[in-house]
Amino acid sequence: MTGPRLATVEGDLMLEQWRHVHNVVVPVAAMSVADARERVGRYRLENAYVGDVLVGCSTVRPPVDGVATVIARVLPGYRGQGFGTALYENGLARARELGAGVIETCVLAANADGLRFAVRRGFAEIERYVLDGERDEWVDLRLAPEADRH
């Protein structure tokens, strides 16, 4: 299998594609166009394509106090083919370039595929929580230092 083509989100079409993947994978936190525009101004957003077909996206939140957040999302029909790994490894490299000493990720607790993916890569749960005024549980995970080979 050839890996996906990863591209930094630029312009309205790519931002809408990123938002689409985000909203399919985490529908309980669906973003508006305005929300996505705000994210692209603060974070590094990338899309993953096989040919011209959108298969996933990622978010890298720059380090705060040395801790960066890397989130990889893959559309359900494309999981298990290495696309998430490519997005994650690229996001991890980007976070390191930005000076991250610690890597975390955030997964909707109901997303069993996402939780398994994170644990297989060496992440361990550090916190579960429900955002104010919401019902859905989120899980923050931190990459164990021995799991970080970069």
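Hi everyone. A quick definition to start: strands here are DSSP runs of at least two residues, numbered from the N terminus. This is a predicted model, so please keep that in mind.

With that, let's go to the largest pocket. Strand 4, residues 67–74, gives the most to its lining, with 6 residues. The space in this pocket comes to about 910 Å³. It has 46 lining residues, and the closest to the pocket centre are Ile71, Ala72, Arg73, Cys106 and Val107. As for chemistry, the lining splits into 24 nonpolar, 11 polar and 11 charged residues.

Now to the aromatics. How many aromatic pairs are there? The count is 3. In one of them, Tyr88 meets Phe117 edge-to-face, 6.3 Å centre to centre with 85° between the planes. Tyr88 sits in helix 3 (residues 83–97) and Phe117 in helix 4, so this pair ties together parts 29 residues apart in sequence. Tyr88 also pairs edge-to-face with Phe123, at 5.8 Å centre to centre and 70° between the planes. Because Phe123 belongs to strand 6, that pair links helix 3 to a part 35 residues away in sequence. Both Tyr88 and Phe123 are buried, Tyr88 with a relative accessible area of 7%. Together, Tyr88, Phe117 and Phe123 make up one aromatic cluster.

Last stop, helix 4, which covers residues 112–120. Which of its residues are buried? They are Gly114, Leu115 and Ala118. Their arc around the axis is only 100°, which means they lie on the same side of helix 4. These buried residues pack against strand 5 (102–108), strand 6 (123–130) and strand 7 (137–143). After the helix comes Gly122, with a positive phi near 100°.

Thanks, everyone!

Key: Residues numbered from 1 in each chain as written. Predicted model: local features only at pLDDT ≥ 70, side-chain atom pairs only at ≥ 80, totals over all residues. Heavy atoms only, no water. Buried < 20%, exposed > 50% of the residue type's maximum accessible area, 1.4 Å probe, protein only. Helix = DSSP H or I, 4+ residues; strand = E, 2+ residues; numbered from the N terminus. Arc of directions from axis to C-beta. Contact = heavy atoms within 4.5 Å. 1 Å grid on protein atoms, 1.4 Å probe; cavity = no way out; pocket = protein on both sides within 12 Å on 5 of 7 lines; lining within 4 Å. Points joined across faces, edges and corners; volume = space filled by probe spheres on them. Nonpolar A, V, L, I, M, F, W, Y, C, P; charged D, E, K, R; others polar. Phe/Tyr/Trp six-rings, centres within 6.5 Å; stacked < 30°, edge-to-face > 60°.
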